[in-house]
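Q: I have a structure with a ligand in front of me. Can you show me how to read it, feature by feature?

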Amino acid sequence: QAAKAKTNFVPTKEDYQKVYNKIATLLDADDYDDGSYGPVLVRLAWHSSGTYDKDTKTGGSNYATMRFESEASHGANNGLNIARNLLEQVKNEFDWISYGDLWTLAGVTAIQEMAGPKIPWRAGRIDGQAADATPDGRLPDATQGSDHLRKIFGRMGFNDQEIVALSGAHALGRCHPDRSGFTGPWTFSPTTLTNAYYQLLFDETWQWKKWNGPKQLEDKKTKSLMMLPTDYVLVTDKSFKKYAKAYAQDQDLFFKDFSAAVSRLFELGVPTQQFVTPEPWIMKSVDEQEE
Ligand code: DDH
């Protein structure tokens, strides 16, 4: 706190670790969803980064343009105001951090604290202007197929293997009818990152849910889990299926590839010279600091 008062305050890794620790204290909430804000924080970090277009070098996490109504109002961002508002408490205490750094660091914190792999992360994003906000339609549409996935993720610079690895984030969280129209969680442990998403894709029998909402699949056995049409493509498309199978069989492989892809995702749109260090940091989990 003393350092904060200085005008030329240059935060160190330890200062960002303090931000991580503060975010970690906000994750658990008995009265919210499955008991954690972790999943919605991961989704905020992803939606703030996944707008990147490698050809025009626009979008991505650099400018935190979801702060502006023109981007916050995109249908895909419904409900993410909950995550942004939660993080305001952190911003108030650590006012030197940029929103892009705050949101991506929150994604890193949530993944690591929900038993996921370490996500190498660098600081250096800067707050942009409303004019930097991205047009609607850059994030994936859950009703589409493999061509769409390759087009959307290819625009960000990701290949088939990375598309499949990133999709494993759906081990976390759930769909909310009032946000996306879809309903339900993908796995039985939506606040713990595992490779269960891939295992369930292969091990369960999936059938179209009979309801008035958008087309989604349900597991035949319990009817309590869901898959989006875009999730199911991972087992129907031959190339995607190869990677999905490998991740279903090997959680360490999933964690390794997920970590690399998410780390890159969260840096999309940030010019290299902006990062405060050439080497990414590995932030410590709360458990590690208690040892
Ligand atoms: Fe996702 N996602 N996502 N997703 N996503 C939803 C929820 C969550 C798609 C659609 C939806 C990724 C990829 C895709 C998370 C992380 C990631 C919901 C439900 C929809 C719809 C929203 C709601 O109703 O609240 C589609 C389509 C794709 C795709 O085409 C691949 C990726 C790459 C990630 C990531 O983080 C790397 C998380 C976490 C959630 C749960 C949010 C919550 O509140 O719970």
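The dialogue below covers the ligand shell and one helix pair.

A: Keep in mind that this is a predicted model.

Q: Which residues come nearest to the ligand?
A: Start with the residues around the ligand. Here there are 24, and Leu149, His170, Arg174, His176 and Ser180 come nearest.

Q: What is the class make-up of the shell around the ligand?
A: Sort the shell by class. It has 15 nonpolar residues, 6 polar and 3 charged.

Q: Where do I look for polar contacts to the ligand?
A: Look for pairs of N or O atoms within 3.5 Å. The side chain of His176 places an N or O atom 2.6 Å from an oxygen atom of the ligand. Arg174 uses a backbone N or O atom, 3.0 Å from a ligand oxygen atom. Trp46 has a polar side-chain atom 3.2 Å from a nitrogen atom of the ligand.

Q: Which element supplies the largest share of the shell?
A: Map the shell onto helices and strands. α3 gives the largest share, 5 residues. At least two residues each come from α3 (38-49), α7 (146-156), α8 (160-167) and β1 (174-175).

Q: Which domains supply at least three residues each to the shell?
A: Domain 1 (2-138 + 262-290) and domain 2 (146-254) each do.

Q: How do I read the packing of α6 and α12?
A: Two packed helices are described by the angle between their axes and the distance between the axes. For α6 (residues 99-113) and α12 (residues 251-266), the angle is about 165 degrees and the axes are 10 Å apart. Angles over 145 degrees count as roughly antiparallel, so α6 is roughly antiparallel to α12. The crossing of α6 past α12 is right-handed.

How values were computed: Residues are numbered from 1 along each chain as its sequence is written. This is a predicted model: local features need pLDDT of at least 70, side-chain atom pairs count only at pLDDT 80 or more; totals for chains, interfaces and linings use all residues. Side-chain values use heavy atoms; hydrogens and water are left out. A residue is near a molecule or strand if one of its heavy atoms lies within 4 Å of it. A polar contact is a pair of N or O atoms within 3.5 Å; within protein, one must be able to donate a hydrogen and the other to accept it, and residues adjacent in sequence count only if both atoms are side-chain atoms. Helices (H or I, at least four residues) and strands (E, at least two) are DSSP runs, numbered from the N terminus. Ala, Val, Leu, Ile, Met, Phe, Trp, Tyr, Cys and Pro count as nonpolar, Asp, Glu, Lys and Arg as charged, and the others, Gly among them, as polar. Domain bounds come from an automatic or database domain assignment. Axes are lines fitted to C-alpha atoms, for helices over the stretch in contact, and angles run from 0 to 180 degrees between N-to-C directions. Angles under 35 degrees count as roughly parallel, over 145 as roughly antiparallel, 65 to 115 as roughly perpendicular and the rest as oblique. A crossing is left-handed if the near helix is turned anticlockwise from the far one by less than a right angle, and right-handed if clockwise.
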